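Trainee: Before I use the labels attached to this structure, I would like to see how each one is earned.
Mentor: Then let us take the labels in turn and hold each one against its cut-off.

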Amino acid sequence: MAFCSISYIPVRAQAAHASEMVSMLLFGEEVEIIDSADDYYLIENKYDSYRGYVPKIHISEGKE
């Protein structure tokens, strides 16, 4: 399991800070890590099934 570890994280369309924001993760929301690209994970939000890229440093992996 993986979770958003800060207040909020913009979910981007591409693995780049300047990319369009397509959604947002809130603290504690559970995600599935689909893939890894440089400093980003491609994730799927378990709550609403949105997919996009988030910085790896803001995702915590482990137990609830």
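**Reasoning from values to labels**

Mentor: This is a predicted model, and in it the side chains of Lys 46 and Glu 32 meet in a salt bridge, with 3.5 Å from N to O.

Trainee: What makes the pair of Lys 46 and Glu 32 a salt bridge?
Mentor: The N to O distance is 3.5 Å, and the rule asks for a Lys or Arg side-chain nitrogen within 4 Å of a carboxyl oxygen of Asp or Glu, so the label applies.

Trainee: Which parts does this pair tie together?
Mentor: Lys 46 lies in the loop between β5 (40-45) and β6 (51-55), while Glu 32 belongs to strand β4 (residues 30-37), so the bridge joins parts that are 14 residues apart in sequence.

Trainee: Why is Lys 46 called partly exposed?
Mentor: Its relative accessibility is 44%, and buried would need a value under 20% and exposed one over 50%, so Lys 46 falls in between. Glu 32, at 36%, is likewise partly exposed.

Trainee: How many salt bridges does the rule give?
Mentor: The count comes to two. In addition to the pair already discussed, Glu 44 forms a salt bridge with Arg 51, where the closest N and O atoms are 2.8 Å apart.

Trainee: Is Glu 44 buried or exposed, and how do you know?
Mentor: Glu 44 has a relative accessibility of 19%, and the limit for buried is under 20%, so Glu 44 counts as buried. Its partner Arg 51, with a relative accessible area of 47%, is partly exposed.

Trainee: Why is Ser 23 called buried?
Mentor: The relative accessible area of Ser 23 is 15%, which is under 20%, and therefore the residue is buried. Ser 23 sits in strand β3 (residues 21-26) and, leaving out residues up to four places away in sequence, touches Ile 9, Pro 10, Val 11, Asp 48 and Tyr 50.

Trainee: What makes Tyr 8 eligible for a nonpolar surface patch?
Mentor: Tyr 8, in strand β2 (residues 8-12), has 47% relative accessibility, and a patch residue needs over 30% and no salt bridge, so Tyr 8 passes the accessibility cut-off. With Met 21, Met 24 and Leu 26 it makes a patch of about 380 Å², to which β3 gives the largest share, three residues.

Trainee: Which residues make up the largest nonpolar core?
Mentor: That core has 10 residues in all, including Ile 9, Val 11, Leu 25 and Val 54, and the elements giving two or more residues to it are β1 (2-4), β2 and β5.

How values were computed:
Residues numbered from 1 in each chain as written. Predicted model: local features only at pLDDT ≥ 70, side-chain atom pairs only at ≥ 80, totals over all residues. Heavy atoms only, no water. Helix = DSSP H or I, 4+ residues; strand = E, 2+ residues; numbered from the N terminus. Buried < 20%, exposed > 50% of the residue type's maximum accessible area, 1.4 Å probe, protein only. Contact = heavy atoms within 4.5 Å. Patch = residues over 30% accessible without salt bridge, like charges linked within 9 Å, V, L, I, M, F, W, Y side chains within 5 Å. Areas by Shrake-Rupley, 256 points an atom, 1.4 Å probe, with all protein chains shown as cover. Core = buried A, V, L, I, M, F, W, Y, C linked by side-chain atoms within 4.5 Å.
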